[in-house]
Amino acid sequence: MRILIVEDDPMVRDINQKFAQRIEEISEIEAASNLESAKAFLLKKKFDLVLLDVYFPEGKGTDLLKWIRDEKIECEIVFITADKSVETVEHAFRYGTVDYLIKPFTYERFEEAIRMSLRRIQAIPEAGTLEQSQLDQLFRRDHQPKQTVAPMEKGLSRKTYELIWREIEKMDHPCTPEEIGTSSGLARVTVRRYLEYMVREGVLKMDLSYGKVGRPQHLYQKVIR
């Protein structure tokens, strides 16, 4: 997940950057201190999410949001600001912002906004239709993964576990670590470790598939209870 932080206050920008670095799904972070610099970043490369302040010396973050929509730049927006005015909040949501954080905020609330954005990015297909359950997953703030997991073993991350589980749920066939690694962006070795943990938990089962040549493939699928 690539994010762009647009914030003119260097101290707040640094805090946002440090918060973002704690979320392992975020692979790249860029920062812009003004609106023109932000536009240059957005025209130069693709970002999944923009963390946007409202007040800048040369204008407002809501103007940048409108520009992003007019330019048809596809990215999620989360406002991080001290502006509590109804006018700004209404403007932000009218132009499709995912969330709105009022300073000061906790890391937990910051992470919630990032994960809501990540959920939308991962869940919305490029084409086709969506079922009600998928829409509920996208818009309900209290959504939690359905599965119940035991306390994690040492060295395993619950966030990574949940990321891999979401990828498994998208598969309509037994999957290999390579497939999950490709769809999640994680290393095959890491995925394999989590899949084996899920097998020990009893939520997955593993079968070997023997082809004509080479080593057998490890295929993982959910256990139907």
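**Note on Ala32 and the salt bridges**

1. Beyond its neighbours within four places in sequence, Ala32 is in contact with Leu4, Ile5, Val6, Glu7, Arg13, Ser37, Ala38 and Phe41. This is a predicted model, and the points below should be read with that in mind. Ala32 lies in strand 2, which covers residues 28-32, and with a relative accessibility of 1% Ala32 counts as buried. A further relation in space concerns Asp8, which is 24 residues from Ala32 in sequence, while the two C-alpha atoms are 7.5 Å apart.

2. Turning to charged side chains, a search of the whole structure finds 16 salt bridges. One of them joins Arg120 and Glu76, whose closest N and O atoms are 3.3 Å apart. This pair links distant parts of the chain, since Arg120 belongs to helix 5 (residues 107-123) and Glu76 to strand 6 (residues 76-81), with their positions 44 residues apart in the numbering. Arg120 counts as buried because its relative accessibility is 18%, which falls under the 20% cut-off, and Glu76 counts as buried as well, with a relative accessibility of 12%.

3. The salt bridge between the side chains of Glu90 and Arg94, with an N to O distance of 3.6 Å, lies within one helix. Because Glu90 and Arg94 are four residues apart in helix 4 (residues 86-94), they are separated by about one helical turn. As for their surroundings, Glu90 is partly exposed at a relative accessible area of 47%, whereas Arg94, at 55% relative accessibility, counts as exposed; the reason for the two labels is that exposed means over 50%.

4. Arg188 and Glu178 also meet through their side chains in a salt bridge, for which the N to O distance is 3.8 Å. Here the link runs between two helices, as Arg188 is in helix 9 (residues 188-201) and Glu178 is in helix 8 (residues 177-184), and the two residues are 10 residues apart. Arg188 is partly exposed, having a relative accessible area of 40%, and Glu178 is likewise partly exposed, with a value of 41%.

5. Which residues are joined into one network by salt bridges that share partners? They are Glu25, Glu111, Arg115 and Lys159. A reader going through the structure may wish to look at these four side chains together, because the salt bridges share partners and in this way join Glu25, Glu111, Arg115 and Lys159 into one network.

Note on methods
Residues numbered from 1 in each chain as written. Predicted model: local features only at pLDDT ≥ 70, side-chain atom pairs only at ≥ 80, totals over all residues. Heavy atoms only, no water. Buried < 20%, exposed > 50% of the residue type's maximum accessible area, 1.4 Å probe, protein only. Contact = heavy atoms within 4.5 Å.
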